[in-house]
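User: Hey, I'm new to this one. Can you walk me through it?

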Amino acid sequence: MYTTILVPLDRSEAAEIVLPYAVEIAAKMSLEIVVASVSKTTADVDNIFRSYLERVKERLRQELKEYGSQKEPRGVSKILVGSPASELVRYDEEVNASLLAMASRGSSGRGPWVLGSIADKILRATKRPILLVRTPVNKDALQQKRLITKVLVPLDGSKVGEAVLPHAEILAQALGAEIVLFQAVEPMAVWPLYITSETAVEATIAKQGAESRRNAAEKYLEHAREALKAKGLKASLVVDWGHPAERIIDYAAGNGIDLVAMPTHGRSGIGRWVFGSVTDKVLHAGDTPVLVVRPTK
């Protein structure tokens, strides 16, 4: 499923925060890294972009060597020229990349791109899985060469949500990571400010309904966990209470999650999550790297 990682760069340190993740995944999965950049004009292609990418390739060679990888990073013989988002999506199809990996937050500093805007456009246009990184890697994890040890997979019982599971399985198997299956049980209604005999009955019914949904979520996640364990993977489950995006962000931040794996879009069913909205909130409000997968029809 995975053979090549495409890493878009714009000559800035902000864009390069994704490189340690690309190196670890490439080294432990025996993948090839393709680095690419886009110039808005042909004027800077030779004297700026090409020399920059050569420096990046040398850095990648050294870092892959430290992991013991035999794969050589492949650079771009011709710098792309034009609109960064559209050119990168086109080139992604040309090289048939298995995964895109790029920074997603804020301005690129001295580089020519505004990373948040470019990442959003690519995310909406590409059919490939895309790894989006928002903050620099933890230095201790980098030193230990264990950047991804826990992968959070939010599920809601739908086929849309489950589309990400094969990707999470492959990464977890290669990286020796644990998969944490997660589901947030949403509130059914706003609790009344004043308690009366009628609202007390309604509250009891609502509580029973919530407990029933929580039990159903635990049963569903347990079934998924057993399937993962049967494949030799380490897996655990968490059922939380609250709005999905908020609970995903908070749980990831407070429980040592290194990667959140989610689908891009699609309503997952009546009374379930709207994954496009939830994923968008997690991407823009959280700091944990996110692997986003477009479900196939």
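Analyst: Here comes a short tour of strands, a buried acid and some salt bridges. This is a predicted model, so local features need pLDDT of at least 70 and side-chain atom pairs count only at pLDDT 80 or more, while totals for chains, interfaces and linings use all residues. Residues are numbered from 1 along each chain as its sequence is written, and side-chain values use heavy atoms, with hydrogens and water left out.

User: OK, how many residues of strand 5 are buried?

Analyst: Five of the five, residues 99-103, so strand 5 is largely enclosed by the rest of the structure. Buried means under 20% relative accessible area, exposed is over 50%, and partly exposed is in between (1.4 Å probe, protein chains only). Strands are DSSP runs of E, at least two residues, and helices are runs of H or I, at least four, numbered from the N terminus.

User: Which residues cover each face of strand 5?

Analyst: Leu-99, Ala-101 and Ala-103 sit on one side, with Leu-100 and Met-102 on the other.

User: And which strands pair with it?

Analyst: Strand 1 pairs with strand 5 in the parallel sense over two bridges, and strand 6 (residues 130-133) does so over four. Two strands pair if DSSP finds at least two bridges between them. Ile-5 stands opposite Leu-99, and Ala-103 has Val-133 in strand 6 as its bridge partner.

User: Switching topic: where is Asp-10?

Analyst: Asp-10 is in the loop between strand 1 (4-8) and helix 1 (19-29). Asp-10 is buried yet has no salt bridge, and the nearest side chain of opposite charge, Arg-11, is 7.2 Å away. For charge, Lys and Arg count as positive and Asp and Glu as negative; His and the chain ends are not counted.

User: How many salt bridges does the structure hold, then?

Analyst: The structure holds 18. A salt bridge is a side-chain nitrogen of Lys or Arg within 4 Å of a carboxyl oxygen of Asp or Glu.

User: What does Arg-128 meet in a salt bridge?

Analyst: The side chain of Glu-93, at 3.3 Å, N to O. This pair links distant parts of the chain, 35 residues apart: Arg-128 is in the loop between helix 4 (115-125) and strand 6, and Glu-93 is in helix 3 (residues 84-95).

User: Are those two buried or partly exposed?

Analyst: Arg-128 counts as buried at 17% relative accessibility, whereas Glu-93 is partly exposed at 42% relative accessible area.
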